[in-house]
Amino acid sequence: MPAPVEIRLALPEDAHAIAALSREAIEHGLPWRWTPQRVRRSLRDRSTNVIVGHEQGVLHGFAIMKYDDEEAHLLLLAVAAAQRHRHIGSSLMAWLDATTRAAGIAVIRVEARASNTQARSFYKHHGFRETGIVSGYYEDVEDAVRMRRDLRS
């Protein structure tokens, strides 16, 4: 197995790379919503964690999760196409899992494109279950599958 990348909280200087990877890996075919400015806003938001997986200063993946009192919403998680199957996504999830458990969070929610069977399989592997379809969730271009993981069961 390849050496793991380092997982850490994102820094303001990571915003451009995060936004670019979001555009490439998540927002393809949609209007670009997660611009560097929006990523920087998330970095400043005390109820949001933005983490990165990097190796020698090169970003390979990231995740953005927003926390409420009892629930967390995984807004984005992406790994660069050339870096997939190196367990980077699982390492990001492990970091988020530890954080949500420490915060006493009961549920993690996430949406994935209905056509993104790879993402849906990834989340199922990490204990999420599909709870419904949201028609037109992605700019009326595509439906989303809503998923959740109960941490207290």
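## Salt bridges around strands β6 and β7

D150 and R129 form a salt bridge, with their closest N and O atoms 3.3 Å apart. Because D150 lies in strand β7 (residues 142-150) and R129 in strand β6, this pair ties together parts of the chain that are 21 residues apart in sequence. Keep in mind that this is a predicted model.

How exposed are the two partners? D150 is partly exposed, at 30% relative accessible area, and R129 also counts as partly exposed, at 44%.

Now to E130, which sits in strand β6 (residues 129-138). Its side chain meets that of R120 in a salt bridge, 2.8 Å from N to O. That contact links distant parts of the chain, since R120 belongs to helix α4 (residues 117-125), 10 residues away from E130. The E130 side chain also makes a salt bridge with K124, this one at 3.4 Å from N to O. Put together, R120, K124 and E130 are linked in a network of salt bridges.

What about accessibility here? E130 is partly exposed, with 31% relative accessibility. K124 falls into the partly exposed class too, at 45%.

Here are the three pairs side by side:

| Acidic residue | Basic residue | N to O distance |
|---|---|---|
| D150 | R129 | 3.3 Å |
| E130 | R120 | 2.8 Å |
| E130 | K124 | 3.4 Å |

How many salt bridges does the count come to? The answer is 13, and the ones in the table are among them.

Notes
Residues numbered from 1 in each chain as written. Predicted model: local features only at pLDDT ≥ 70, side-chain atom pairs only at ≥ 80, totals over all residues. Heavy atoms only, no water. Salt bridge = Lys/Arg side-chain N within 4 Å of Asp/Glu carboxyl O. Helix = DSSP H or I, 4+ residues; strand = E, 2+ residues; numbered from the N terminus. Buried < 20%, exposed > 50% of the residue type's maximum accessible area, 1.4 Å probe, protein only.
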